[in-house]
Every structure is written in structure tokens, then in C-alpha cells.
Amino acid sequence: ANFMRARGTFPPSVRCHDQLRESVDFYLRVCATRVNTRLLASAAATYATFGTCPLSGRAVMAATEAKQTLAILSACGMYDFSGEWACTVGLPAKSGVSGNI
């Protein structure tokens, strides 16, 4: 985290060690979100329908937001493997530290 701060990764408002700790803590909490296959499938289906949740029928994001997210996932969701994933599988994806795709 100190290396990232030295390279300007964090916003200028993150100046002291406590603020840095808060930022890293938030990141770790986001990475540790607990999900199951039903929730992952629901999220994927919501993006596949351009923002409409299949469970509730409600639009939970604008179609443009869903399209932009899918474009980002197609380009870099699988990190260094993104290009091969796109050519082999052809679907937008995001790998996670848990092993979920």
C-alpha cells in the first residue's frame, strides 16, 4: 500500500497512514464479499439483460452502464488471460481471488 501511495495510485486526499489503512481495509472487504452460485448467476443475468434483474424484473442499472461494464470485462476481466479468453470463450468474464468466474 505504501508503494502504491508513493506511485500516486491513491487520491491526493489519502495523506496519512490511517487514511491509507482505511483504503486498504475497504479494498480487502470488497474482495472478501461472500457470494454463492445463485447470486453470481443473478449478477451475470442482470448484465446479460443490460441491467434488468431477472429475479425482480427491476432495472438496477442503466443499459449504458451494463454495456460499458461488459466492454471492460471483455477487455481486461481475466487480466493477462483476457485476450485468449475472448478468442476461446467469447464471453465477458471477471476472475476473482476466490476462483469464481
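**Fold and exposure in a predicted all-helix model**

Read from one end of the sequence to the other, the protein follows the pattern α-α-α-α-α, and the count is accordingly five helices and zero strands, where helices (H or I, at least four residues) and strands (E, at least two) are DSSP runs numbered from the N terminus. The model is predicted, so that local features need pLDDT of at least 70 and side-chain atom pairs count only at pLDDT 80 or more, while totals for chains, interfaces and linings use all residues. Residues are numbered from 1 along each chain as its sequence is written, and side-chain values use heavy atoms, with hydrogens and water left out.

With respect to overall dimensions, the C-alpha trace spans about 45 × 35 × 25 Å along its principal axes. The radius of gyration of the protein is 17 Å, whereas a compact globule of 101 residues would have a value near 13 Å; the radius is taken over C-alpha atoms, and the globule rule is 2.2 Å times the number of residues to the power 0.38. Among contacts (heavy atoms within 4.5 Å) with a separation of 6 or more, residues 24 or more positions apart account for 4%.

The accessible surface comes to about 7800 Å², of which 60% belongs to carbon and sulfur atoms, as obtained by the Shrake-Rupley method with a 1.4 Å probe, and for residues only the protein chains shown count as cover. Buried residues make up 16% of the 101 residues, where buried means under 20% relative accessible area, exposed over 50%, and partly exposed in between (1.4 Å probe, protein chains only). The protein has 10 positive and 6 negative side chains, and the centres of the two sets lie 5 Å apart; Lys and Arg count as positive and Asp and Glu as negative, with His and the chain ends not counted, and the place of a charge is NZ of Lys, CZ of Arg, CG of Asp or CD of Glu.

The structure holds zero disulfides, a disulfide being a pair of cysteine sulfur atoms within 2.5 Å. Cys-53 is buried, because its relative accessible area is 13%, whereas Cys-16 counts as partly exposed at 35%.

Two loop residues are notable for their backbone. Phe-50, in the loop between α3 (37–48) and α4 (63–76), has a phi near 55 degrees, a positive value in a residue other than glycine. Tyr-79, placed in the loop between α4 and α5 (82–88), likewise has a positive phi of about 55 degrees although it is not a glycine. Most residues other than glycine have a negative phi. Phe-50 counts as partly exposed, because its relative accessibility is 39%, and Tyr-79 counts as exposed at 54%.
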